[in-house]
Amino acid sequence: MPVSVEITDEEINRALLRLSTRIQNLKPVFDQFGPYLLGRIRGYFRNETEPDGTPWAPLSPRYKARKRQEGRDRGIGRYTLSMLNGLAYDANGSRLLVGSRESYAPAFQFGVPARNQPARPFLGVTDADRQELSELIGKYLTDQ
């Protein structure tokens with residue numbers, strides 16, 4: 001037996017209209033996700049860990065010595081600070097991109113075995129991130 005529901009309450013209909021408008025344009029919620037995720041990524045660089053907390057592979061002794069000699073021993077991924085300073089997000093109504101503008105970011109994230117460069121993942125979403133992002137979505141959808 002089919003069931004049908006018709007909502008005739010004006011206040012509920014206005015709320016549903018606002019909700020449908022929000023669902024069609026997610027840029028405002030993505031503009032909250034972006035800074036949150038960038039903060040998390042900066043923390044991974046600061047702590048030199050993957051999103052899951054696994055420490056990044058250490059620098060080779062030779063490269064570390066070179067950085068020290070040049071006065072640029074700021075930590076992994078911070079030789080010129082361009083990777084860290086290149087972190088950005090781009091959002092529109094239907095998608096969010098988060099990452100680094102640096103051309104070598106994929107090599108940093110995934111590694112380059114042919115050059116003995118280990119992967120040092122800095123992009124990823126943890127369970128804590130999922131919880132926070134879910135809360136931001138919920139707040140966005142229910143805010144008047």
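Is Arg78 buried or exposed? With a relative accessibility of 15%, Arg78 falls on the buried side, because the cut-off for buried is under 20%. Keep in mind that this is a predicted model, and that goes for everything below.

**Salt bridges**

Arg78 has a charged partner: its side chain meets that of Glu48 in a salt bridge, at 3.0 Å from N to O. This pair ties together distant parts of the chain, with Arg78 in the loop between α3 and α4 and Glu48 in the loop between α2 and α3, 30 residues apart. Glu48 itself is partly exposed, at a relative accessible area of 23%.

A search through the whole structure turns up 8 salt bridges. One of them joins Arg40 and Asp129, whose closest N and O atoms sit 2.7 Å apart. Here too distant parts of the chain are linked: Arg40 belongs to helix α2 (residues 27–47) and Asp129 to helix α6, with their positions 89 residues apart. Arg40 is partly exposed, at 30% relative accessibility, while Asp129 is buried, at 0%.

Helix α6 also has a local pair. Arg130 and Asp127 form a salt bridge at 3.0 Å, N to O, and both lie in that helix, 3 residues apart, or about one turn. Arg130 counts as partly exposed at 45% relative accessibility, and Asp127 as exposed at 63%. Elsewhere, Lys64, Arg68 and Asp73 are joined into one network by salt bridges that share partners.

Here are the three individual pairs just described.

| Salt bridge | N to O distance | Relative accessibility |
|---|---|---|
| Arg40 and Asp129 | 2.7 Å | Arg40 30%, Asp129 0% |
| Arg78 and Glu48 | 3.0 Å | Arg78 15%, Glu48 23% |
| Arg130 and Asp127 | 3.0 Å | Arg130 45%, Asp127 63% |

**A buried arginine without a salt bridge**

Now for Arg120, in the loop between α5 (105–110) and α6 (127–142). Which side chain of opposite charge is nearest to Arg120? That would be Glu48, but at 7.6 Å away, and Arg120 is buried with no salt bridge. The cut-off for a salt bridge is 4 Å from nitrogen to carboxyl oxygen. Glu48 does have a salt bridge of its own, with Arg78.

What the Arg120 side chain does reach is the backbone oxygen of Ala57, at 2.8 Å. Setting aside neighbours within four places in sequence, Arg120 is in contact with Trp56, Ala57, Pro58, Leu59, Ile76, Phe108 and Gln109.

**The aromatic cluster**

Two of those contacts, Trp56 and Phe108, also turn up in an aromatic cluster made of Phe45, Trp56, Phe108 and Phe122. In total the structure holds 7 aromatic pairs. Phe45 and Phe108 are one of them, in a stacked arrangement with 5.6 Å from centre to centre and 15 degrees between the planes. The pair bridges distant parts of the chain, Phe45 being in helix α2 and Phe108 in helix α5, 63 residues apart. Both rings belong to buried residues.

How are the rings of Phe108 and Phe122 arranged? Their centres are 5.9 Å apart and their planes stand at 65 degrees, so this pair is edge-to-face. Phe108 is in helix α5 and Phe122 in the loop between α5 and α6, 14 residues apart. Phe122, like Phe108, is buried.

**The hairpin**

The strands β1 (residues 87–91) and β2 (residues 96–100) pair in the antiparallel sense over 5 bridges. They form a hairpin with 4 residues between them. Within the pairing, Tyr89 has Val98 in β2 as its bridge partner.

**Two positive phi angles**

Most residues other than glycine have a negative phi, but two loop residues here go the other way. Leu81 has a phi near 70 degrees and is found in the loop between α3 (61–69) and α4 (82–85). Leu81 is partly exposed, with a relative accessible area of 28%.

Asn116 is the second case, with a positive phi of about 55 degrees. Its place is the loop between α5 and α6, the loop that also holds Arg120. Which class does Asn116 fall into, buried or exposed? Asn116 counts as exposed, at 71% relative accessibility, whereas Arg120 is buried.

Methods:
Residues are numbered from 1 along each chain as its sequence is written. This is a predicted model: local features need pLDDT of at least 70, side-chain atom pairs count only at pLDDT 80 or more; totals for chains, interfaces and linings use all residues. Side-chain values use heavy atoms; hydrogens and water are left out. Buried means under 20% relative accessible area, exposed over 50%, partly exposed in between (1.4 Å probe, protein chains only). Lys and Arg count as positive and Asp and Glu as negative; His and the chain ends are not counted. A polar contact is a pair of N or O atoms within 3.5 Å; within protein, one must be able to donate a hydrogen and the other to accept it, and residues adjacent in sequence count only if both atoms are side-chain atoms. Contact means heavy atoms within 4.5 Å. Two strands pair if DSSP finds at least two bridges between them. Rings of Phe, Tyr and Trp (its six-membered ring) pair if their centres lie within 6.5 Å; planes under 30 degrees apart count as stacked, over 60 as edge-to-face and the rest as tilted.
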